[in-house]
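I opened the model to look up a few points on its sheet and on one of its helices. My notes follow.

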Amino acid sequence: MHLRKYDFVTMSSGDKAESGGGIHPYHEILYISSGNVLLHWMGKEYMVDAPALFLLAPNTPHFLLKKSAASNFMYLELDMQNSAEFPALAQMLVWNHLQTSENRYNPELSQVYSSVLSLLEFLSPHYPYKKAGEQIAMLEIRKILLLIECFFSRPVSDPLQLSEQVETQVRIQALIRYMESHYADPITVNTLAAYAHLDVSYFIRLFRSIAGKTPLQYLLDLRLSAATCFLSTTNMSIQDIASATGFQSVHYFSRHFKKSCGYTPTQWRHKERK
C-alpha cells in the first residue's frame, strides 16, 4: 500500500472552493473534519455533519458539496498495489451509510475517528518532520483500516449490516455499470429485474432509491448523452446516431432529444458548430 496523494481542503462561502470531487483509479479515504456536507457517490447521497469518514472505491465518481457556511475535509488517495487491506465494496456501502446515522457515535466507530485525529497530526503541514510524519501516517492508515475490518468481523444483529441488503445494493450497482457499457443494446426493465433476481416493481423502486431515477429514465439519459457526443464530434447521420445509441427509430430519438435539449438533433448540431 502506498500513499499516493493527500490534501487538506477548506470550503467556504468567501471563495470558489465550495465543492470538490472527481474520479481516479485509486482507493480513497475522505474525512470531513468540520461543517455539514453532501456527498454524491455510487448513485447515492450522504448528508452528514462532521466528523465523518468515507471509504471510496477506485473509478467511482464522487462529488462533495458544502452545505454549511464553511467546512473542512482531508482526502487520501491510496495505491493498494494488490493489497487486500481496504474493505470490499459491499462493506464500503454499509460503512458510508453509517456515517449518516447516529450509529457513527458508538464506541467502536469512535476509535476510528480517534485514529484519524492522530493521522491528521502527522500529515499536517505544520508537523516538523515531514518525511517521518508520512511514514508514521502510513501506520495510522493501516490501523484505521484494521479497526474497520474488526468492526465488520464482530458478531452483530444491526439490520444495517444484513448481508442480503448489502448484496442487493451491490447487484443494483453492477446493473448500473452494465447499462453504462451496453446502453446501445436492447435492454428492458424485465431483463434487468431478472438479472437482479427481483420482482419488477420492487426492482424499479430500489433502482430509483439508488440512482435517483427509474431504470428507463437512467437508460434514456445515457443514450441521449452518447448521442450528444456523436453529434458534436462526428459527421454521422442522425439516422446512424439513433441506431448507434439504441433508439428504436430516428423519430423516437428526435422526439426525446428535443424534449431534453429544446432542439432537434439537426438544430442542436448546427447551433454547436457555429
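Which residue in strand 8 is the bridge partner of Phe8? I looked it up, bearing in mind that this is a predicted model: the partner is Met74.

I then checked the two strands as a pair. Strand 1 and strand 8 (residues 70-79) run antiparallel and are joined by ten bridges.

Next I noted the whole sheet. It is open, with four strands in the order 1-8-3-6 and antiparallel pairing. Strand 1 (2-12) and strand 6 (52-56) are at the edges with a single partner strand each, so one side of each has no neighbour in the sheet. On average, neighbouring strands are turned by 15° against each other, direction ignored.

I looked for helices on the sheet. Helix 1 (residues 89-98) packs on it, touching strand 3 (27-34) and strand 6, and makes about 160° with the direction of strand 6. Helix 3 (residues 130-153) also packs on the sheet and touches strands 1, 3, 6 and 8. The direction of helix 3 makes about 90° with that of strand 1.

I moved on to helix 9. Its twelve residues (250-261) should span 16 Å at 1.5 Å a residue, and the end C-alpha atoms are 16 Å apart, which agrees.

Which residues of helix 9 are buried? I found Val250, Phe253, His256 and Phe257. They cover an arc of only 135° around the axis, so they lie on the same side of helix 9. These buried residues pack against helix 7 (215-233), helix 8 (238-244) and helix 10 (265-272). The face turned away from the buried side carries exposed His251, Arg255 and Lys259.

Last, I noted that Gly262 follows helix 9 and has a positive phi, near 90°.

Key. Residues are numbered from 1 along each chain as its sequence is written. This is a predicted model: local features need pLDDT of at least 70, side-chain atom pairs count only at pLDDT 80 or more; totals for chains, interfaces and linings use all residues. Side-chain values use heavy atoms; hydrogens and water are left out. The expected span of a helix is 1.5 Å times one less than its number of residues. Buried means under 20% relative accessible area, exposed over 50%, partly exposed in between (1.4 Å probe, protein chains only). The arc is that of the directions from the helix axis to the C-beta atoms. Contact means heavy atoms within 4.5 Å. Two strands pair if DSSP finds at least two bridges between them. Axes are lines fitted to C-alpha atoms, for helices over the stretch in contact, and angles run from 0 to 180 degrees between N-to-C directions.
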